[in-house]
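Student: Pick one part of this model and take me through it closely. I'd like a connected story rather than a list, and please keep it relaxed.

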Amino acid sequence: MSASPSLPCIAIAGPTASGKTAGALALAAVLGARGQAVEIISVDSALVYRGMDIGTAKPSAAELAAVPHHLIDIRDPLQAYSAAEFVQDAQRLTGEIRARGALPLLVGGTMLYFKALFDGIDDMPAADAGVRAQLEERAAAIGWPGMHAELARVDPETAARLAPGDSQRIQRALEVFMLSGQPLSHFHTRARAAGAGAAPIATLLSLEPNERSWLHARIAQRFDAMLDAGLVEEVAGLRARADLHPDLPSMRCVGYRQAWEELDWQQRRGGDLNRHLLREKGIAATRQLAKRQITWLRSMPQRRIIACDAPDATAALVQAALACIDRNG
């Protein structure tokens, strides 16, 4: 069975801990039994980093061996990786995978990447060190929640989807406004209108909970598992590198940021790491991430929702994907 040229790819999205990896691997197994090869393109801004395995819930060696994966471990934590780079890489990989007769399966929870892929991405002003220095000085005076309030006055659409403490994205949105006189949302709107770089996704399957409490319980269980697996030790190893610092995009990933902060506190005051406080902060930050992801998903009307807290969620996901493939095959 070869991939139909009328079906470029299928996307599986959802908040963290919603079961995306399990669903994707189950679908790949069913398709493999039907003779259809599958390759997974990761849509995750944290999985791109090497040496960040535990806190990103990176697929295991067995999972990576079961199905070919792409855009995992492609950057050192010192390096940045943008949405524009993702779109370029995903479009290239989609063509290469289809040329091999395989089905591209986009899987992940970085909604900015999905939006950029679906709607296109417009040219925005490049980073400006001088402007960033001004913004950092202003943030030192009024705090990032204050900067978020300032962003809300000039770009309410972007501010609405950012947490008040998301300093990296708040800074970038304000930087774009200061350099161009236009809000960040203006560039996204232009890209949607032009369709620049948009990828034809046949089906977007979105794993979303009916009951948020189910997702919260999953988040807590997974963060506990990360702590047991050595998240603190992983972050300690990254901190030991002289070239990494907490303001890098990689080190601002949920879990890594909180562990870095607690290790800093331990270093200052001595004694043992406060693992209970780290757990509370990590779970709270992950819940906030999931909330933002769901907000992003609700802005994607083309998605087909699969209740991830239903007992048959994985089976329902597989059946929805197969129905799409059969319609287009």
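Tutor: Let's start with helix α4, residues 111–119, in what is a predicted model. This helix is mostly covered, with eight of its nine residues buried. The buried set is Met111, Tyr113, Phe114, Lys115, Ala116, Leu117, Phe118 and Asp119. Notice that Lys115 and Asp119 are in there alongside Phe114 and Phe118. Just after α4 comes glycine 120, which takes a positive phi of about 90°.

Now follow one thread out of α4. Met111 is one of the residues in contact with proline 15, and proline 15 lies in the loop between β1 (10–13) and α1 (20–33). Its relative accessibility is 0%, so proline 15 counts as buried. Apart from Met111, and leaving aside neighbours within four places in sequence, the contacts of proline 15 are Lys20, Leu207, Pro209, Leu215, Ala290, Gln293, Ile294 and Leu297.

Threonine 16 is in the loop between β1 and α1 too. It comes out at 8% relative accessibility, and because the cut-off for buried is under 20%, threonine 16 counts as buried. Not counting residues up to four places away in sequence, threonine 16 touches Leu215, Ile219, Arg222, Thr286, Leu289, Ala290 and Gln293. Leu215, Ala290 and Gln293 turn up for proline 15 and again for threonine 16. What does the record say about this stretch? An unreviewed UniProt entry carries a "binding site" annotation covering Gly14, Pro15, Thr16, Ala17, Ser18, Gly19, Lys20 and Thr21.

From here there are two ways to go. One is along α12, residues 275–298, the helix whose range takes in Ala290 and Gln293. The axes of α11 (residues 256–269) and α12 come within 9 Å and cross at roughly 155°. That angle makes α11 roughly antiparallel to α12, and the crossing is right-handed. On the α11 side, the contact is made by Gln258, Ala259 and Glu262, and on the α12 side by Leu277, Leu278, Lys281, Gly282 and Ala285. By class, this contact of α11 with α12 has four nonpolar, two polar and two charged residues.

The other way is along α1, which packs against α13. Which numbers describe a pair like that? Two packed helices are described by the angle between their axes and the distance between the axes. The axes of α1 and α13 come within 9 Å and cross at roughly 50°. That makes α1 oblique to α13, and α1 passes α13 in a right-handed crossing. The α1 residues making the contact are Ala22, Gly23, Ala24, Ala26, Leu27, Val30 and Leu31, while α13 brings Thr314, Leu317, Val318, Ala321, Leu322 and Ile325. This contact divides into 11 nonpolar, two polar and no charged residues. Set that beside α11 with α12, where two charged residues take part.

Threonine 314 is a good place to zoom in. It is found in helix α13, residues 313–328, and it is partly exposed because its relative accessible area is 36%. Not counting residues up to four places away in sequence, threonine 314 touches Ala22, Gly23 and Ala26. There's a nice sequence-versus-space figure here as well: threonine 314 and leucine 25 are 289 residues apart in sequence and 9.8 Å apart in space, C-alpha to C-alpha.

If you're checking backbone angles, glycine 120 has company. Alanine 57 has a phi near 55°, a positive value in a residue other than glycine, and it is found in the loop between β2 (38–43) and α2 (61–66). Leucine 71, with phi near 65°, is another positive value outside glycine. It lies in the loop between β3 (69–70) and α3 (83–99). Is each of these two buried or partly exposed? Alanine 57 is partly exposed, because its relative accessible area is 30%, whereas leucine 71 is buried at 7%.

One last charged residue to set beside Lys115 and Asp119, which are among the buried residues of α4. Glutamate 175 is found in helix α7, residues 167–180. Its relative accessible area is 0%, so glutamate 175 is buried. Leaving aside neighbours within four places in sequence, glutamate 175 is in contact with Ala126, Ala127, Asp128, Val131, Arg132 and Leu135.

Terms used. Residues are numbered from 1 along each chain as its sequence is written. This is a predicted model: local features need pLDDT of at least 70, side-chain atom pairs count only at pLDDT 80 or more; totals for chains, interfaces and linings use all residues. Side-chain values use heavy atoms; hydrogens and water are left out. Helices (H or I, at least four residues) and strands (E, at least two) are DSSP runs, numbered from the N terminus. Buried means under 20% relative accessible area, exposed over 50%, partly exposed in between (1.4 Å probe, protein chains only). Contact means heavy atoms within 4.5 Å. UniProt positions are given in the numbering used here, feature names are shortened, and annotations may be inferred rather than shown by experiment. Axes are lines fitted to C-alpha atoms, for helices over the stretch in contact, and angles run from 0 to 180 degrees between N-to-C directions. Angles under 35 degrees count as roughly parallel, over 145 as roughly antiparallel, 65 to 115 as roughly perpendicular and the rest as oblique. A crossing is left-handed if the near helix is turned anticlockwise from the far one by less than a right angle, and right-handed if clockwise. Ala, Val, Leu, Ile, Met, Phe, Trp, Tyr, Cys and Pro count as nonpolar, Asp, Glu, Lys and Arg as charged, and the others, Gly among them, as polar.
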